[in-house]
Amino acid sequence: MAVKIRLMRMGAKGHPSYRIVATDSHRKRDGEYIELIGNYFPCDGKNTINEEAALKWLRVGAIPTDTVKNLFSKAGIIKKFDEEKKSK
């Protein structure tokens with residue numbers, strides 16, 4: 001089972017919000033997910049990301065999509081993950 005960290009669309013038409021989730025790569029975009037990692041509100045410019053959960057899934061080998069990778073970079077999660085890999 002290949003796990004991806006990707007966005008799941010929520011919200012109303014014209015006012016989207018997204019959940020950042022860890023899910024099986026074969027599932028539908030808005031289907032079942034394994035774990036909720038955070039939320040992304042592009043209209044408000046707000047993010048809430050559970051850093052521990054994100055790092056846990058990155059350590060296990062989950063692959064983030066390009067958009068999620070950008071969100072993680074802005075939050076500093078990718079930097080922490082890279083430092084953690086270098087120290088080992």
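**Exercise 1. Find the hairpin that strand 3 and strand 4 form, and say which residue in its turn has a positive phi.**

Solution. Keep in mind that this is a predicted model.
- Start with strand 3, which covers residues 35–41, and go on to strand 4, at 46–49.
- Four residues sit between these two strands in the hairpin.
- Now look inside the turn: Gly-45 has the positive phi, at about 75°.
- To see how the two strands meet, note that they run antiparallel and are joined by four bridges.
- Across the pair, Phe-41 faces Lys-46 of strand 4, and Gly-38 stands opposite Ile-49.

**Exercise 2. Work out what stands opposite Gly-38 on the strand 2 side.**

Solution.
- Strand 2 spans residues 15–24.
- Five bridges tie strand 2 to strand 3, and the two run antiparallel.
- Look along strand 2 for Ile-20: that's the residue opposite Gly-38 in strand 3.
- Put this together with the hairpin: Gly-38 has Ile-20 across from it in strand 2 and Ile-49 across from it in strand 4.

**Exercise 3. Give the order of the five strands in the open sheet, and name the edge strands.**

Solution.
- Reading across the sheet, the order is 4-3-2-1-5, with mixed pairing.
- Strand 4 and strand 5 (63–64) are the edges, each pairing on one side only.

**Exercise 4. At about what angle does helix 1 run to strand 3, and helix 2 to strand 1?**

Solution.
- Helix 1, residues 51–60, lies across strands 1, 2, 3, 4 and 5, and its angle to strand 3 is about 120°.
- Helix 2, residues 66–75, also lies across strands 1, 2, 3, 4 and 5, running at about 90° to strand 1.

Conventions
Residues numbered from 1 in each chain as written. Predicted model: local features only at pLDDT ≥ 70, side-chain atom pairs only at ≥ 80, totals over all residues. Heavy atoms only, no water. Pairing = 2+ DSSP bridges. Contact = heavy atoms within 4.5 Å. Axes fitted to C-alpha atoms, helices over the stretch in contact; angles between N-to-C directions.
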